[in-house]
Structure formats: structure tokens, C-alpha cells
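Subject: A structure for you to look at

Dear colleague,

I am handing over the structure we spoke about, with the sequence alongside. Please open it first, and then read the notes below with the model in view.

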Amino acid sequence: MPTPKLAAQRILCLYTGGTIGCIPTTQGLAPAVGVLQEPLQKLLARLQLHQIELTLREYPQLLDSSSMQPKDWLRIAQDIHDNYHHFDGFIVLHGTDTLAWTAAALHWQLMQIAKPVVVTGSQRPWLESGSDATANVELAIRAATAQQAGILVAFGGQVLPGVFVKKLDADADAAFFAPNWQGTWPSAPTSNYFFQPVDPSLRILPIKLFPGTESWLVQSLANQTIDGIAMETYGSGNPPAHTYLQSTLLHLAEQGTTFINCTQCIRGEVRQGHYAAGDFMHQINALPAGRMSIEAATTWLYTAIKSDSTQDSLAKAWQSAQLVV
């Protein structure tokens, strides 16, 4: 009796732009359509991955990732959601500069996804000699056909959870790390996947505090309508005791602004109120980020805030969000 033929694993690869598909121009490197099909085919042939059917779709307007916007996070997530039942895994080829932001945004939008979504790119163009692109894409293909579901980043020899990733090196091949990840992968979801798109119309603002800029920040925030602010405070979640800044933040909170209190530290946890300096964040009902990054907190706000959201509903949603990472 002949051995039954195994069904091929179908992988959808979305090329959104970035260094990996760049070519030289008179203005410098720029992403170009049509340059990735051949190296992808050569890679698959060399790896002899006969049980993989990889479909490459290139976006008509390729972006340097420094130009990525919330609407682009939405488009990528929507494309994956629309093709969810047609493919076994997904690869997103992306520029490195804001790759961590897109990975975090995909995590919140494709909640409890039961298939792998692997985000990767390269520090040097694939067509450039000595590029890291080949190794990163091979790693992404293997991750997209493995058992670990969820949003993953495959880069520099590592596969990391997307919601924890940060770009920490502008030059090295090992550019991405998950410094606040505790090393435990969540159990693979089975049937709880749901699509939770970002709302690009929301007015979301990430802020990093700096000594001496408090008065300028007050002037910038005064008389503004802001839906959510992810604020990078000092240490374990401590803002400055600046009277006018605190008054401005209290006014925003009264107007309905949702705050998340993040730490500027690469590692460690927000322990809001551990120091007296941090108790003010309780007064504006800030949600403590715990070990969440500014990328994760900001992109969560884009998916969580609704027209009927209340302070209590957002607090409960944030508690739930921290349980699934």
C-alpha cells in the first residue's frame, strides 16, 4: 500500500517593506517591488522544504518601517485575519525600525491566534553580499511551520514573543531582544481566537519623561483631547513632583484620558506606589504596566479603548491582557 502523501503546509508571506527588499537609489536604500521572489525560491529549494507551499504577497506601496502608522498595523492584521482559514502560518517581512511596534500591535489584534505569525526582516538588503536576510527568513519559515502559535519575532538566531520584543541595536545582526520576558511560552490557544482591530482614529500618545522638560510638556498637553497616554516614568513607576505637570495630568484624567504607567528601564517591573513619588499615578487612575513595554502598552490602547469604555472596564481589560502574555 503506498504511503499517503502528507498535506503541504501553506504559508502566507506578506512583504510590507523594509531593508530586506531594499535596492540602492540616488537617495539611499529604498524598498522595491519584485526583488524577493527569486531569493525566496532559491532558499526554499536549498532547504528542500517540499512540504511547504509559500505564497508571497507584496504590498503595492512598500514602506520603510519608520513610516509605519496604526493604519498599517490594521492592514497587516486584517490581511492575516481574512486569510486565517486558508493558511497554516504567516510570515510578515518588515523593516526593523518599528518592527517591535508592529509585532505588539499584531499581538493585541490577533488575540489568542492558534497559528504562528512570524515577523522578521534584516539589517542589510537580501541582495547585498553577506546579508543576514537569508538566515532570518529561514528561521522565520521554520518558526511558521512549528508548533508554537502566536505572534513571534524571528531575528538574529532567536525566536521571541512579539509582545515583549524591543530593538536594542541599530547595527548588529542580533538586533532584537525580549529583556523583560520571563522565558515561559504561553500554552497554545485552541478555539478562543478573535480579531480585535486597532482604531487608527484614536488619539494615543506615548510620552517619555526627561528632567527639565516638565514645563514644556505642560504647554504641549494643555487644552488637548487625548484618548490614551502610555507614560514612561522613572524607575519602578515614579513621575516628578512637578505641580503644574501633575495638575495637567489630573485634568486630562478628569476629561477621560486613560493612562498606562511604564518604566523607562529596559528590565524590571512597575510597582506603582512603592515609593511615595509614584503614588500620584494612583490619583490619575494609571494602569501599572508591570513588565509590559511602551510598545505593548501603546498598541494595547489602540485596541482597547472603545466609545463605551469606562475606567472600570479598561482596568479589567488590562488585567486580562496581562494574563495572556
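Strand β8, residues 150–155, and strand β9, residues 158–161, run antiparallel and are joined by four bridges. Phe155 has Gln158 in β9 as its bridge partner, and the two strands form a hairpin with two residues between them, where Gly156 in the turn has a positive phi of about 60°. Please keep in mind while reading that this is a predicted model.

On confidence, the mean pLDDT of the chain is 93, and 95% of the residues reach 70 or more. The start of the chain calls for caution, since over residues 1–6 the pLDDT stays under 50, and for this stretch the model has one contact beyond four places in sequence.

β8 also has a partner in β7, to which it is joined by four bridges, and here the two strands run parallel. In that pairing Val119 stands opposite Val153 in β8. β7 is in turn joined to β5 by four bridges, again in parallel, with Phe90 standing opposite Val117 in β7. As a reminder of what such pairing involves, strands of a sheet pair through backbone hydrogen bonds, either parallel or antiparallel.

Is β7 enclosed or open to the outside? Five of its five residues are buried, so β7 is largely enclosed by the rest of the structure. Both of its faces are covered, with Pro116, Val118 and Thr120 buried on one side and Val117 and Val119 buried on the other. Helix α3, residues 99–109, is mostly covered as well, with ten of its eleven residues buried; among them are Leu99, Leu106, His107 and Trp108.

Between β5 and α3 there is a loop that holds Thr96, and an unreviewed UniProt entry places the feature "active site" at this residue. Thr96 counts as buried because its relative accessibility is 5%, and the cut-off for buried is under 20%. Which residues does Thr96 contact, leaving aside its neighbours within four places in sequence? They are Ser65, Ser122, Gln123, Phe155, Lys167 and Phe176. Phe155 is a residue you have already met, as the bridge partner of Gln158 in β9.

Two residues deserve a look for their backbone angles. Most residues other than glycine have a negative phi. Gln112, although it is not a glycine, has a positive phi of about 60°; this residue lies in the loop between β6 and β7 and is partly exposed, with a relative accessible area of 29%. Asn223 is not a glycine either, and its phi is positive at about 65°. Asn223 lies in the loop between α5 and β14, and at 79% relative accessibility it counts as exposed.

Further along, β13, β14, β15 and β16 form, in that order, an open sheet of four strands with parallel pairing. The edge strands are β13, at 204–208, and β16, at 287–288, each of which pairs on one side only. β13 is joined to β14, residues 228–233, by five bridges, and the bridge partner of Ile204 in β14 is Gly228.

The unreviewed UniProt entry also gives two domains. The feature "domain: L-asparaginase N-terminal" is placed at residues 10–180, and over that range the chain is 27% helix and 27% strand, with the end C-alpha atoms 33 Å apart. The feature "domain: Asparaginase/glutaminase C-terminal" is placed at residues 207–314, where the chain is 36% helix and 15% strand and the end C-alpha atoms are 20 Å apart.

Finally, the chain as a whole. Its secondary structure comes to nine helices and 16 strands. The radius of gyration is 21 Å, close to the 20 Å that the globule rule gives for 325 residues, so the chain is as compact as a globular protein of that length. Along the principal axes, the C-alpha atoms fill a box of roughly 75 × 50 × 30 Å. Of the 325 residues, 50% count as buried, while the chain exposes about 15500 Å², of which carbon and sulfur atoms supply 51%. Among contacts between residues at least 6 apart in sequence, 73% join residues at least 24 apart.

With best wishes

Conventions
Residues numbered from 1 in each chain as written. Predicted model: local features only at pLDDT ≥ 70, side-chain atom pairs only at ≥ 80, totals over all residues. Heavy atoms only, no water. UniProt positions renumbered as here; feature names shortened; annotations may be inferred. Pairing = 2+ DSSP bridges. Rg over C-alpha atoms; globule rule 2.2 N^0.38 Å. Buried < 20%, exposed > 50% of the residue type's maximum accessible area, 1.4 Å probe, protein only. Contact = heavy atoms within 4.5 Å. Areas by Shrake-Rupley, 256 points an atom, 1.4 Å probe, with all protein chains shown as cover. pLDDT = per-residue confidence, 0-100.
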